[in-house]
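These are my notebook entries on one protein chain. I set down in order what I looked up and what I found.

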Amino acid sequence: MVIAALDAPGIRLVAAELLALRDTRMPRARHRPVTRRPGAVQARPAGSGMDLREIRAFAEGDDFRRIDPAATARTGTPHIRSFHEDRDDTMLLIADFRPAMLWGTGHSLRSVRGARALVRRGWEAAARHAVLAAISLDASGVAAAAVGAGVAQMGHISRMLADSHDRALATSQGMAESGSASLREALARAVAMVPSGAEVLIATGPDGIRPGDDVVLARLARQRRVRVLLPLDPLDMAPPTIPLPIHAGPQRRLARLRPFDFAPLAARMAGLNVSIEVLPDDAG
């Protein structure tokens, strides 16, 4: 439950707001192929595909026909087989809602701006019939929306992100960043969720990708297009020139803030085959 003080535009992420980002002016009449591979006939394949993606615990809304008898008998709880089609156009959205993202001096929190940017790209992908999935990361752990396609899938992703953001706001108060879930868990989940050739968008802050995440991130970027969306705050880009007071319990200091230096992070990500896109403050 989000307290009343946090239930405000730019602080709370609302599913209706994300659903409204869909561009209703996009043409829908013409069919677009879901693959760039040559062939006599390009058509949308029926069903959910034949390539096994994962065997996981049964969740509400899953198809009972996909229950895996062997895994269910072995574990004692229902498990299902998740399949995917061998498609070129697959997009995974990863939203970082850890405490450092629940901050901002502009009109919106970093986390809200990052989620809006992800959902905009998701709606664009849905318009071309891409397969979509999403992962959110907050102080309490990782949540995911399994692969799917179409408007209904983007609706599911929008509601999942809004619910995860509400949980992040409710649980992050008083929780130190060091106690938050690691991005490595989300990245490892991403490796198993999407096939080679997929596009992966990660919305996180300047310090969101730590050196310990590099090995898993490099593995994810192998044969996938990975891009980091960086929602920088106005304070990151143009901090005040005067010293500012900083209070930490009984300790007090004066500190002069420096603009965020983009070059070291860009060079580090380039070495991992990951690109970076800076989101200006007015992007969401």
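**Entry 1. The chain as a whole.** I took helices (H or I, at least four residues) and strands (E, at least two) as DSSP runs, numbered from the N terminus. On that basis I counted eight helices and ten strands in the protein chain. I note at the outset that this is a predicted model.

I then looked up how much of the chain is covered. Of the 284 residues in the protein chain, 42% are buried. The accessible surface comes to about 15,000 Å², and carbon and sulfur atoms account for 56% of that surface. I also checked the sequence separation of the contacts. Among contacts between residues at least 6 apart in sequence, 75% join residues at least 24 apart.

**Entry 2. Helix α3.** I looked up the span of α3, which runs over residues 110-127 and has 18 residues. From its first C-alpha to its last it reaches 26 Å, close to the 26 Å expected at 1.5 Å a residue. How many of the residues of α3 are buried? I found 15 of its 18 residues buried, and I recorded the helix as mostly covered.

I chose L118 as an example from helix α3. L118 counts as buried because its relative accessibility is 0%, and the cut-off for buried is under 20%. Leaving out residues up to four places away in sequence, L118 touches L93, I94, A95, L201, A203 and L229. I also took the distance from L118 to I202: the two lie 84 residues apart along the chain, and their C-alpha atoms are separated by 8.0 Å.

**Entry 3. Two residues with positive phi.** I noted for reference that most residues other than glycine have a negative phi. Just after α3, H129 takes a positive phi of about 70°, although H129 is not a glycine. I placed H129 in the loop between α3 and β4 (131-138). At 25% relative accessibility, H129 is partly exposed.

N273 also came up, with a positive phi of about 65°, and N273 is not a glycine either. The loop between α8 and β10 (274-279) holds N273. Is N273 buried or exposed? I recorded N273 as exposed because its relative accessibility is 54%, and the cut-off for exposed is over 50%.

**Entry 4. Helix α6.** I looked up two residues here. L217 is found in helix α6, residues 214-221, and D214 has its place in α6 as well. L217 is buried, with a relative accessible area of 0%. D214 counts as buried too, at 16% relative accessibility.

Which residues does L217 touch, not counting those up to four places away in sequence? I listed L187, I202, I209, V226, M269, L272 and V274. With the same exclusion, D214 touches I209, R268, M269 and L272. I also took one distance: L217 and A190 are 27 residues apart in sequence and 9.6 Å apart in space, C-alpha to C-alpha.

**Entry 5. The cavity.** I searched for enclosed space and found one cavity of 30 Å³ or more. About 30 Å³ of space lies in the largest cavity. Its lining consists of T204, G205, P206, G208, I209, V228, L230, L265, M269 and I276. The elements giving two or more residues to this lining are β7 (225-231) and α8 (262-270). By class, I counted seven nonpolar, three polar and no charged residues in the lining. Two of these lining residues, I209 and M269, are also in the contact list of L217 and in that of D214.

**Entry 6. The second largest pocket.** I found a volume of about 440 Å³ for the second largest pocket. Its lining has 20 residues, and R110, P206, D207, D236 and F260 lie nearest the centre. What classes make up this lining? I counted eight nonpolar, three polar and nine charged residues.

I followed up D236, which lies in helix α7 (residues 234-237). D236 counts as buried, at 12% relative accessibility. Leaving aside neighbours within four places in sequence, D236 is in contact with R110, P206, P259 and F260. Of these contacts, R110, P206 and F260 are also among the residues nearest the centre of the second largest pocket. P206 also appears in the lining of the largest cavity.

Terms used: Residues are numbered from 1 along each chain as its sequence is written. This is a predicted model: local features need pLDDT of at least 70, side-chain atom pairs count only at pLDDT 80 or more; totals for chains, interfaces and linings use all residues. Side-chain values use heavy atoms; hydrogens and water are left out. On a 1 Å grid over the protein atoms alone, a cavity is a set of points where a 1.4 Å probe fits but cannot get out, and a pocket is an open set with protein on both sides within 12 Å along at least five of seven lines; lining residues have an atom within 4 Å of a point. Grid points are joined across faces, edges and corners, and a volume is the space filled by probe spheres set on the points. Ala, Val, Leu, Ile, Met, Phe, Trp, Tyr, Cys and Pro count as nonpolar, Asp, Glu, Lys and Arg as charged, and the others, Gly among them, as polar. The expected span of a helix is 1.5 Å times one less than its number of residues. Buried means under 20% relative accessible area, exposed over 50%, partly exposed in between (1.4 Å probe, protein chains only). Contact means heavy atoms within 4.5 Å. Accessible areas come from the Shrake-Rupley method with a 1.4 Å probe; for residues, only the protein chains shown count as cover.
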